[in-house]
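User: Please take a close look at one part of this model and describe its surroundings. Then connect that part to the rest of the chain, with the cut-offs behind each term.

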Amino acid sequence: MKELEKILSQIATVEVDKPLAELTTLHIGGPADYVIYPDNMVALDAVIRILRHAGVPFKIFGNGSNLLCSDEPFHGAVIRLKKFNNFSFVHNCVLAEAGCSIIALSYKAMEKGLSGLEFASGIPGTVGGAAFMNAGAYRSDMSHVLDAVFVYRDGRFEWIPASECGFAYRTSLFQSHSDWVIIAVRMVLQSEDPTEIHELMDSRRERRMASQPLNMPSAGSVFRNPDSLQAWKLVDGIGYRGHRCGDAQVSEKHSNFIVNAGNATADDFLQLVEEIQQKVRDQYQIDLHMEVEKFNWK
């Protein structure tokens with residue numbers, strides 16, 4: 001382990017035995033053997049080749065805003081693209097690296113009078129994570145604005161047209177190819193009045209502050225909405241608003257959020273999820289599927 005750390009440290013910043021709880025918005029997760037921060041694409045390529053040669057599994061982390069990590073140690077490497085945070089606007093096109101904040105990018109687009117990213121102004125993730133999950137809100141998502149995705153796969157860097165990325169509700173082709181790495185995206189936006197865009201984003205921010213538990217650790221919406229239904233109404237229907245398992249609690253403010261009310265464990269969170277799924281299945285004959293990604297579970 002020390003020898004591998006020494007080799008990796010020559011090409012990237014490396015942390016060892018890093019709690020994943022410190023890398024996720026839910027504040028849950030056991031330690032990872034390595035957390036690696038490459039400076040650029042050359043370093044990223046070298047890191048991945050070294051890890052593969054050593055037989056060390058790896059996982060790309062964005063802002064950790066949609067992850068439920070287990071409490072067990074992850075005997076592998078987490079690669080974070082925080083230094084991949086450059087972006088540029090060319091007319092109505094946006095080129096943005098994976099580590100950019102999608103919220104910050106939506107506000108930059110607003111300042112330039114470009115519409116299309118208003119839905120993302122409250123999503124606390126990175127551009128890469130948003131593309132990976134096809135994140136969305138307000139009846140829009142990343143697939144509405146993405147033109148192409150720049151990916152590292154099979155030892156090569158290449159652009160993939162959005163039409164070939166398998167985007168659907170909260171899913172993409174990348175979720176079934178864990179060895180692919182999203183490096184950057186190209187988006188096409190529409191010119192609009194900046195004042196109107198700003199007013200819309202402000203009104204949505206006020207609505208979020210009033211309706212979501214933004215002051216508590218969470219992973220955002222836990223369940224995908226079934227067809228023509230809202231998951232929070234089903235959770236309310238089984239009487240689980242405010243219900244808790246250990247320190248994992250269904251939010252009193254929004255019942256499709258499960259918050260960490262203190263020192264919740266991953267098992268607390270998952271037990272609460274499974275209770276909700278079972279009771280909704282029994283009462284409504286509906287299967288609720290998690291929107292939150294599970295990581296490092298056996």
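Analyst: Ser65 has a relative accessible area of 18%, so it counts as buried (under 20% relative accessible area, with over 50% called exposed and the range between called partly exposed; 1.4 Å probe, protein chains only). The model is a predicted one, in which local features need pLDDT of at least 70 and side-chain atom pairs count only at pLDDT 80 or more, while totals for chains, interfaces and linings use all residues. Residues are numbered from 1 along each chain as its sequence is written, and side-chain values use heavy atoms, with hydrogens and water left out.

Ser65 sits in the loop between strand 3 and strand 4 (67-69); strands (E, at least two residues) and helices (H or I, at least four) are DSSP runs numbered from the N terminus. A polar atom of the Ser65 side chain lies 3.2 Å from the backbone oxygen of Pro124. This is a polar contact, a pair of N or O atoms within 3.5 Å; within protein, one must be able to donate a hydrogen and the other to accept it, and residues adjacent in sequence count only if both atoms are side-chain atoms. Apart from neighbours within four places in sequence, Ser65 is in contact (heavy atoms within 4.5 Å) with Thr25, Pro124, Gly125, Ala219 and Gly220.

Another serine can be described in the same terms. Ser172 belongs to the loop between strand 12 (156-161) and strand 13 (181-188), and its relative accessibility of 5% makes it buried. Its side chain reaches the backbone oxygen of Phe132 at 2.7 Å. Not counting residues up to four places away in sequence, Ser172 touches Ala131, Phe132, Cys165, Gly166 and Phe167.

The aromatic rings come next. Rings of Phe, Tyr and Trp (its six-membered ring) pair if their centres lie within 6.5 Å; planes under 30 degrees apart are stacked, over 60 edge-to-face, and the rest tilted. The count by this rule is 7 aromatic pairs. Phe61 and Phe295 make an edge-to-face pair, at 5.7 Å centre to centre and 75° between the planes. This pair links distant parts of the chain, 234 residues apart, with Phe61 in strand 3 (residues 58-61) and Phe295 in strand 19 (residues 293-295). Phe61 and Phe295 are both buried. Phe87 and Phe89 are also edge-to-face, because their ring centres are 6.0 Å apart and their planes stand at 85°. Phe87, at 37% relative accessibility, is partly exposed, whereas Phe89, at 18%, is buried. Elsewhere, ring pairs join Phe150, Tyr152, Phe157 and Trp159 into a cluster.

Charged groups also meet rings. The charged end of Arg153 sits over the ring of Trp180, 4.7 Å from its centre, and that of Lys294 sits over the ring of Trp297, at 5.4 Å; the criterion is NZ of Lys or CZ of Arg within 6 Å of the ring centre and within 35 degrees of the ring normal.

For the whole protein, there are 7 helices and 19 strands. Of its 298 residues, 49% count as buried. Among contacts with a separation of 6 or more, 63% are between residues 24 or more positions apart.
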